[in-house]
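Subject: A structure for you to look through

Dear colleague,

I am handing over a structure that I have been going through, and I would be glad if you opened it and followed along with the notes below.

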Amino acid sequence: MANLITYREGVNVPPLQMSNGLTSVFVSVLSLAASALAETDHQRELAVWIASRDQAVYGLGLVGFDLADLPWSKSKFAEDQAFLLRVIEAAKAKVGWEHLDYSPNEAWLFDCLDHFAEMVRAFSVEHALVEEERIWPFGGKPESFRLCTEHHVYLHNMGCVLCNGG
Ligand SMILES: [Zn+2]
């Protein structure tokens, strides 16, 4: 069982495939980093979207996505792209890792984060989805932003991805 992150419209951008366990680590470290770095509500929205890929709630192997599915801002796409690349760097710098109750396999994880960064760099905003119901399939767009008091991760509609163990 695995999850696939794709960029279907991208030319020569290979998909990122991760085992369910590695996906959980990947989503957790990106959620921690995004929650720590977010300064605007739109950046918090991106943090929630990442955290909502929560396998404990939505099922093992069911949280893969396409780069087009992220809630990109069409008008501030370059800022979103730069934010996500900072988030990936922060994840590699272990920002928030004190809230994990395990030690990730860094070699596997960092390979995946590097691969994801390449995909984010390659992404072109004209491929972003515009229909909100497709961007937010897991319970809709957040209306407010709350941090888990234990993990300092923004909650998605079904709670905290770290508390849930997803
Ligand atoms: Zn939590």
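The charged end of arginine 53 sits over the ring of tryptophan 49, at 4.3 Å from the centre of that ring. Please keep in mind, here and below, that this is a predicted model.

Tryptophan 49 also belongs to helix 2, where it is one of the buried residues, together with Gln43, Arg44, Glu45, Leu46, Ala47, Val48, Ile50 and Ala51. Helix 2, which runs over residues 41–51, is mostly covered, since nine of its 11 residues are buried. What do these buried residues of helix 2 pack against? Their partners are helix 1, strand 3 (65–66), helix 4 (77–92), helix 6 and helix 7. If you would like to follow a single residue of helix 2, glutamine 43 is found there, and with a relative accessibility of 11% it counts as buried, because buried means under 20%. Leaving aside residues up to four places away in sequence, glutamine 43 touches Leu37, Ala38, Phe83 and Arg86.

The aromatic rings come next. A pair of aromatic rings is described by the distance of the centres and the angle of the planes. The count in this model comes to nine aromatic pairs. In one of them, phenylalanine 26 and phenylalanine 116 have ring centres 5.3 Å apart and ring planes at 75 degrees, so the pair is edge-to-face, a label that calls for planes over 60 degrees apart. This pair links distant parts of the chain, with phenylalanine 26 in helix 1 and phenylalanine 116 in helix 5 (residues 106–122), 90 residues apart. Are these two rings buried or exposed? Phenylalanine 26 is buried, with a relative accessible area of 2%, and phenylalanine 116 is buried as well, with a value of 3%.

Tryptophan 72 and phenylalanine 77 form another edge-to-face pair, with 5.1 Å from centre to centre and 65 degrees between the planes. Tryptophan 72 counts as buried at 8% relative accessibility, and phenylalanine 77 counts as buried at 11%. Ring pairs also join Trp72 and Phe77 with Tyr7 and Phe123 into a cluster.

Trp72 appears again among the contacts of valine 120, which, not counting residues up to four places away in sequence, touches Leu67, Trp72, Gln81, Leu84, Leu85 and Ile88. Valine 120 has its place in helix 5, and its relative accessibility of 0% means that it counts as buried. The C-alpha atoms of valine 120 and leucine 84 are separated by 7.6 Å, although the two residues are 36 residues apart along the chain.

Please look at the zinc ion too. Which residues coordinate the zinc ion? They are Cys148, Cys160 and Cys163, each through SG, and His151 through ND1, at 2.0 to 2.4 Å. The angles that the four donor atoms subtend around the zinc ion are 104 to 113 degrees, and therefore the arrangement is tetrahedral. Along the chain, the donors follow the spacing C-x2-H-x8-C-x2-C. Two of them, histidine 151 and cysteine 163, are 12 residues apart, with histidine 151 in the loop between helix 6 (132–135) and helix 7 (161–164) and cysteine 163 in helix 7. Histidine 151 is buried, with a relative accessible area of 8%, whereas cysteine 163 is partly exposed, with 47%.

At the start of helix 1 (residues 20–37) you will find asparagine 20, which is buried, with a relative accessible area of 12%. Its side chain reaches the backbone nitrogen of alanine 2 at 3.5 Å. Not counting residues up to four places away in sequence, asparagine 20 touches Met1, Ala2, Asn3, Gln55, Leu60 and Gly61.

Finally, there are two backbone angles to check. Most residues other than glycine have a negative phi. Asparagine 12, however, has a positive phi, near 60 degrees, and lies in the loop between strand 1 (2–6) and strand 2 (16–19), where it counts as exposed at 75% relative accessibility. Lysine 94 has a positive phi too, near 65 degrees, and lies in the loop between helix 4 and helix 5, but lysine 94 counts as partly exposed, at 36%.

With best wishes

Notes. Residues are numbered from 1 along each chain as its sequence is written. This is a predicted model: local features need pLDDT of at least 70, side-chain atom pairs count only at pLDDT 80 or more; totals for chains, interfaces and linings use all residues. Side-chain values use heavy atoms; hydrogens and water are left out. Donors are N, O and S atoms within 2.8 Å of the metal (3.2 Å for Na, K and Ca); water is not among the atoms, so sites may look incomplete. Four donors count as tetrahedral if all angles lie between 85 and 135 degrees; four count as square planar and six as octahedral if opposite donors are over 155 degrees apart and all others between 65 and 115; anything else is irregular. Helices (H or I, at least four residues) and strands (E, at least two) are DSSP runs, numbered from the N terminus. Buried means under 20% relative accessible area, exposed over 50%, partly exposed in between (1.4 Å probe, protein chains only). A polar contact is a pair of N or O atoms within 3.5 Å; within protein, one must be able to donate a hydrogen and the other to accept it, and residues adjacent in sequence count only if both atoms are side-chain atoms. Contact means heavy atoms within 4.5 Å. Rings of Phe, Tyr and Trp (its six-membered ring) pair if their centres lie within 6.5 Å; planes under 30 degrees apart count as stacked, over 60 as edge-to-face and the rest as tilted. A charge sits over a ring if NZ of Lys or CZ of Arg is within 6 Å of the ring centre and within 35 degrees of the ring normal.
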